[in-house]
Amino acid sequence: MVEAVPRLELITECGLQVRIGIATGLVVVGDLTGSGEAQERGVVGETPNLAARLQTLAQPGMVVIAPSTRRLTGGYFDYRELGGVALKGFGEPVSAWQVVAESAVESRFEAQHEIALTPLIGREEEVELLRRRWRQAEKGEGRVVLLVGEAGIGKSRLTRALLEGLAAEPHLRLRYFCSPHHRNSALFPVISQIEHAAGFLRDNTAEQKLAKLDLLLARAAAEPEAVDLITDLLSLPASHPAPEPSPQQRKEKTLAALLAQVDGLAQEQPVLILFEDLHWIDPTSLELLTAIVDRVQRLPVLLLATARPEFMPPWPSHAHVTALSLTRLSRRECVALVEQITGGKVLPDEILEQILARTDGVALFIEELTKTVIEGDMLIDMGDRYTMAGPLPSLAIPTTLHDSLMARLDRLAPVKEVAQIAACIGRDFDYDLLAAVSGMPEDGLRSALEALRHAELVIPRGLSGELFSFKHALVRDAAYAGLLKSRRVQLHAAIARAIEQSFAHLVETEPETLAHHLTEAGLPEKAAGYWLRAGKIAASRYANIEAIAHMRRGIEAVRRFPSGATNDRLELDLQFVLGPCLIATQGVRSNAYAATVTRARELCERLGDTPEYPHVIQWSAYMHFVRAELPQALDGFTAALGLAEAAENRPAAVNAMRTVGATLLFMGRLVEGRRMLERSLAEFDMCDEAESLATRATAWDAGVAGNLQLSWTLWALGYPDMARARMGVALQRAEAIGHPHTEAYGAYYASVLHAFCRAPAVAHAHAERCLALSEEHGFELWRNRSRAVRRICANQFDPSSDSLAAVSGELAEFVGTGYQISSTALYALLSQAFLARRQLMSAREIVGKGLATAEQTSERFLEAELLRQKARALVIEGGPGVLTDAQKLLEESRALAQSQKARSLELRAAADLARLHRDQGRYAEARELLTPVYSWFTEGFDTPDLQEAKALLEELG
């Protein structure tokens with residue numbers, strides 16, 4: 001300005017000169033004053049007053065600055081010190097400097113330039129442990145270290161120390177960063193890492209990106225299919241098109257391909273994997289990370305992960321895994337850190353004590369607050385120490401870290417606004433999006449980013465230099481919190497507009513990002529639709545946890561705008577996607593599921609004639625079903641069937657028929673149940689692809705579920721071969737569609753069927769499969785039940801196992817939560833196992849619980865079996881009068897089985913009764929009793945029940 005003003009062309013011959021005074025500090029900007037060209041905003045405070053006084057001190061063509069400005073401009077200019085000057089309105093002389101010229105400094109904007117860090121303090125033991133783990137990993141003994149600590153405690157700094165220590169050693173490095181705005185974006189840190197490692201640039205074509213990706217993946221000798229899977233993950237066209245797998249199969253293969261990359265790289269050199277901020281990790285990335293934790297123990301790999309204390313690792317304890325909690329620094333270490341930041345200059349005692357008291361041993365707090373103090377005007381630099389410039393005012397030191405960070409941001413005005421815009425985008429932000437939102441010229445924006453980088457507030461990421469991150473999440477939070485609410489709303493709206501207009505790939509692949517900004521912009525009408533889209537994408541990928549989060553945000557958005565039919569329709573869409581995800585993850589007995597059902601039903605009734613209504617009525621009945629309130633469940637399912645048939649809604653009718661059939665099965669009305677289940681499957685076979693997918697509104701595939709329940713029905717009716725065949729069809733379809741909840745459902749039903757057929761090894765294998773799926777995807781219902789079946793079966797083929805007592809406790813706890821349906825099956829299997837071990841007291845207790853459940857709930861499917869087992873316990877015990885009581889129970893069991901047409905159960909009761917007659921010498925009576933029952937069977941002769949009955953008949957002659 002000083003140079004430009006004299007060059008202005010004027011009408012008159014007199015020249016113009018300018019003198020400038022600059023001061024930096026807090027000001028209050030008021031309303032507009034004046035009118036016309038003289039209109040300006042009123043600015044008040046000490047800072048503008050100081051600037052005005054310095055301006056009067058300056059000579060024409062001179063720039064005079066205050067001490068605060070001098071500290072901020074640092075070495076960017078050459079100065080001439082003017083000493084202390086007396087200024088009107090200031091009681092003490094004020095130091096002033098004349099700006100002489102711009103100094104010769106190198107460019108500060110280097111994408112790969114590392115921010116200078118203070119030396120590491122108080123972490124010597126932790127650094128040594130990391131180095132030992134690296135040495136072990138180098139030898140092929142893979143190690144995992146989880147660094148846990150609160151925000152700012154030093155996790156990232158300790159990670160940097162390890163990187164610096166390994167800089168000269170040959171190794172490969174994979175670094176992943178989780179983001180708070182992408183907790184529900186599947187594999188976000190993995191996608192970002194690949195894009196950065198490949199060197200993708202914004203203006204790269206798809207072909208250029210593919211070439212870079214091929215070059216990157218070649219290092220690990222990736223197979224063509226793996227390349228295509230990773231290509232698809234990055235939303236790029238595949239080089240080797242192949243048949244489209246199911247979403248679940250694609251997910252499994254993609255995770256396998258990513259694991260193979262780690263294997264391939266580890267064959268080349270030792271690998272250091274860094275996974276930062278796990279408290280923000282998305283569930284699918286956590287699934288991958290869990291697999292890596294298990295895999296690395298056989299590879300030359302060190303996996304170093306960081307997390308805040310709220311993160312709970314899902315992997316079990318392993319010998320190769322170390323959890324390292326970072327504690328706060330001791331007083332001595334805090335003092336040492338302060339000295340490092342001040343360059344060894346001693347702070348006044350009162351300043352040091354306040355820093356120590358207010359930072360509480362957190363390294364980041366100490367660093368930021370100390371910088372604020374020494375950059376302020378309360379101290380005088382005495383060379384080897386600082387002294388107080390005056391009495392310590394009450395607000396001389398910010399009382400919180402937020403104030404400290406905001407003070408640093410304020411001293412960077414006008415680039416503070418750039419930091420705040422970036423903070424609205426998120427901790428990680430893209431230059432192009434920032435430019436679109438800010439509207440600043442490129443030179444100005446890049447200069448602002450450089451200033452933020454130089455101030456150690458942001459750091460560049462990636463090869464392109466177009467991606468940035470706030471150095472600490474707390475820095476971003478402080479910048480964001482410093483915005484007025486109205487300004488935040490404006491910025492989020494601008495970000496949303498920019499994404500919609502210029503970032504189509506984000507709209508397509510990350511609708512949750514756009515939805516977030518629309519929500520924060522106070523535009524719930526638009527946000528809700530994108531939350532719905534994000535939820536559907538997550539649900540289609542079986543990322544149920546992410547889908548639930550998106551749906552709930554969408555429902556919150558809907559409830560923020562005026563009610564009406566359109567809004568009700570949108571909320572119903574959200575609730576309808578939410579329901580099956582809640583069934584899969586939290587179960588039908590959860591309060592969240594009950595609230596969803598209630599609200600969905602209310603919306604259906606308000607809208608009238610909705611295709612979802614029969615499904616929702618079925619959801620409501622299903623809550624009775626899981627509690628084994630079977631008469632009420634049957635009424636509800638029957639009502640749902642009537643509604644579905646009246647509306648010609650085939651998917652809803654298929655599900656209603658199936659659930660009616662299942663209810664009849666558990667009530668012991670087997671013939672009716674079989675008829676309804678076969679009718680449901682016949683209707684399902686006529687469904688097109690869209691209708692088939694719509695049947696999953698109950699959280700699993702209706703074709704699989706119908707065959708599973710029919711298999712149990714057929715076994716009870718005396719058709720074990722047909723039952724196993726139906727089970728095979730169900731499991732084959734479950735595997736083909738790749739729907740995890742359906743697969744877990746199928747594996748559980750298969751385990752129980754084979755346990756009914758007395759094939760414990762086969763049953764155990766299916767229970768293991770169900771348990772693995774349930775633990776991987778969080779299916780609480782099937783996890784608990786499959787664990788029980790697995791232990792019961794293990795006890796049968798391994799007599800040394802002592803797991804039955806644990807099953808009893810788990811079953812009691814599980815039933816206590818309200819999940820009663822099919823519990824009689826577990827009671828029957830468990831009591832049989834106790835009888836086999838002659839643990840009669842435990843067997844009687846379990847049989848008693850089973851019979852009480854049958855009486856209370858009408859779940860009479862296995863009541864005859866429980867009566868038989870009660871008789872069996874009496875026979876084993878022996879004693880006077882016992883055989884008479886046992887015979888009565890067996891006759892009751894046989895009669896009940898006959899009334900239900902339960903031939904398999906009738907055979908067991910008849911065989912036990914025949915044995916009782918045999919032991920009393922009544923051979924003819926025993927033979928006459930058993931022969932007609934056995935002769936009825938036309939299949940299943942390889943099962944132990946029929947083989948033992950045949951052997952008994954041969955013995956009876």
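Me: Before turning to helix H7, what does "buried" mean for a residue here?

Reply: A residue is buried when its relative accessible area is under 20%. The model under discussion is predicted. In helix H7, Ala-226, Val-227, Asp-228, Leu-229, Ile-230, Thr-231 and Leu-233 are buried.

Me: How many residues of H7 are buried, and what follows for the helix?

Reply: H7 spans residues 224-233, and seven of its 10 residues are buried, so the helix is largely enclosed by the rest of the structure. The cover over these buried residues includes H5, helix H6 (206-218) and helix H8 (247-268). Just after H7, Ser-235 has a positive phi of about 60°.

Me: H5 is one of the elements covering H7. Which sheet strands does H5 touch?

Reply: The general idea of a sheet comes before the helix. Strands of a sheet pair through backbone hydrogen bonds, in either a parallel or an antiparallel sense. In this model, five strands make an open sheet with parallel pairing, in the order S8-S9-S10-S7-S11. Strand S8 (172-177) and strand S11 (321-325) are its edge strands, each pairing on one side only. On average, neighbouring strands of this sheet are turned by 15° against each other, direction ignored. Helix H5 (residues 188-198) packs on the sheet and touches S8 and strand S9 (271-276). The direction of H5 makes about 135° with that of S8.

Me: How is the pairing at the S11 edge to be read, and over how many bridges does it extend?

Reply: Strand S7 (residues 143-148) pairs with S11 in the parallel sense over five bridges. For one residue position, Leu-146 has Ala-323 of S11 as its bridge partner.

Me: Where should one look for antiparallel pairing?

Reply: An open sheet of three strands, ordered S14-S16-S15, has antiparallel pairing. Its edge strands are strand S14 (428-430) and strand S15 (458-461), each of which pairs on one side only. From one strand to the next, the twist averages 30°. Helix H15 (residues 431-438) packs on this sheet, where it touches S14 and S16, and its direction makes about 75° with that of S14.

Me: Which bridges connect S16 to S15 and to S14?

Reply: S15 and strand S16 (residues 467-470) run antiparallel and are joined by four bridges. Within that pairing, Arg-461 has Leu-467 of S16 as its bridge partner, and Pro-460 has Phe-468. S14 pairs with S16 in the antiparallel sense over three bridges. Phe-468 in S16 also stands opposite Phe-429.

Me: Finally, what describes the packing of two helices?

Reply: Two packed helices are described by the angle between their axes and the distance between the axes. Helix H21 (residues 524-540) and helix H22 (residues 544-558) have axes that come within 8 Å and cross at roughly 165°. Angles over 145 degrees count as roughly antiparallel, and H21 and H22 are therefore roughly antiparallel to each other. The crossing of H21 past H22 is left-handed.

Me: Which residues make the contact between H21 and H22?

Reply: H21 contributes Pro-524, Ala-528, Trp-531, Leu-532, Ala-534, Gly-535, Lys-536, Ala-538 and Ala-539. On the H22 side, the contact residues are Glu-546, Ala-547, His-550, Met-551, Arg-553, Gly-554, Ala-557 and Val-558. Grouped by class, this contact comprises 11 nonpolar, three polar and three charged residues.

Technical notes
Residues are numbered from 1 along each chain as its sequence is written. This is a predicted model: local features need pLDDT of at least 70, side-chain atom pairs count only at pLDDT 80 or more; totals for chains, interfaces and linings use all residues. Side-chain values use heavy atoms; hydrogens and water are left out. Axes are lines fitted to C-alpha atoms, for helices over the stretch in contact, and angles run from 0 to 180 degrees between N-to-C directions. Helices (H or I, at least four residues) and strands (E, at least two) are DSSP runs, numbered from the N terminus. Angles under 35 degrees count as roughly parallel, over 145 as roughly antiparallel, 65 to 115 as roughly perpendicular and the rest as oblique. A crossing is left-handed if the near helix is turned anticlockwise from the far one by less than a right angle, and right-handed if clockwise. Contact means heavy atoms within 4.5 Å. Ala, Val, Leu, Ile, Met, Phe, Trp, Tyr, Cys and Pro count as nonpolar, Asp, Glu, Lys and Arg as charged, and the others, Gly among them, as polar. Two strands pair if DSSP finds at least two bridges between them. Buried means under 20% relative accessible area, exposed over 50%, partly exposed in between (1.4 Å probe, protein chains only).
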